[in-house]
Amino acid sequence: MSRRSGVLEFAVLGLLHDAPMHGYELRKRLNVLLGSFRAFSYGTLYPCLKSLVAQGFLVEDNPDTQYVPATALNGKRSKIVYRLSPEGKERFEELLADSGPDAWEDEHFGVHFAFFGQTDRAVRMRVLEGRRSRLEERLERMRSSIARTRERFDDYTLELQRHGLESVEREVRWLNELIETERTNRTGRVTAPPGRAATAQSSDGRGDEGGSPDPLRPPHDRPGRSA
């Protein structure tokens, strides 16, 4: 299974774990959940749903009696509702408990973090610490690369590299706060990182710059410094 399909499978099972949904509603929820990373089309979602049904993880229902099967005359289409089977619930629990290297990567970390409220505290800690370790390795490579190429690139290229470096540094600081919160929180429930419990709302409804980052979007959007 590819990383992309694995992420989508995890997200679908996690959303359907909360409640059954039909495909259109599920797609909207997926785009809210993963919109910071990618938007999923029907052409991507429905093959995944069919595969999960074939594997026995999902069950198709058609509770809307006002819909009838499509025919050449009426052109109507039944609305299928997807729900987890017992095997699907077990599969979701398996994915939820995975704290290995795949869970630390860009493709998977956001989805794992989105379901942290249902994840065991020990698993959360392993994922957060693994993600931090992976980013610290990335930071070391980026710093070495900037040091080696400083004399060969113009100011704009160097500024772009510094922007990427600062973005990763910011995420490492965010992870450090989350890890410290997990270590001091003995209830097993997720709380806001220290100093980020309250987020002021501006007139347009967005939090101010000192507030907590979007939990589904590790902070990669910090503006670069002027050249």
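This passage describes salt bridges in a predicted model.

The structure contains 13 salt bridges. Side chains of opposite charge can pair when their charged atoms come close. Three of the pairs, one within a helix and two between helices, are described below.

The pair within a helix is formed by E94 and R91, whose closest N and O atoms are 3.4 Å apart. Both residues belong to helix α4 (residues 86-97), where a spacing of three residues separates them by about one helical turn. R91 is partly exposed, at 23% relative accessibility.

A salt bridge also links the side chains of D106 and R131, with an N to O distance of 2.7 Å. Because D106 is in helix α5 (residues 106-114) and R131 is in helix α6 (residues 121-149), this pair ties together parts that are 25 residues apart in sequence. The relative accessible area of D106 is 38%, so D106 is classed as partly exposed. R131 is buried, with a relative accessible area of 1%.

Helix α6 also contains R143, which forms a salt bridge with E169 at 3.0 Å between the closest N and O atoms. E169 lies in helix α7 (residues 155-184), so the contact joins parts that are 26 residues apart in sequence. R143 has a relative accessible area of 44% and is partly exposed. E169 likewise counts as partly exposed, with a relative accessibility of 22%. Through salt bridges that share partners, D106, R131, R138 and E171 are joined into one network.

Technical notes. Residues are numbered from 1 along each chain as its sequence is written. This is a predicted model: local features need pLDDT of at least 70, side-chain atom pairs count only at pLDDT 80 or more; totals for chains, interfaces and linings use all residues. Side-chain values use heavy atoms; hydrogens and water are left out. A salt bridge is a side-chain nitrogen of Lys or Arg within 4 Å of a carboxyl oxygen of Asp or Glu. Helices (H or I, at least four residues) and strands (E, at least two) are DSSP runs, numbered from the N terminus. Buried means under 20% relative accessible area, exposed over 50%, partly exposed in between (1.4 Å probe, protein chains only).
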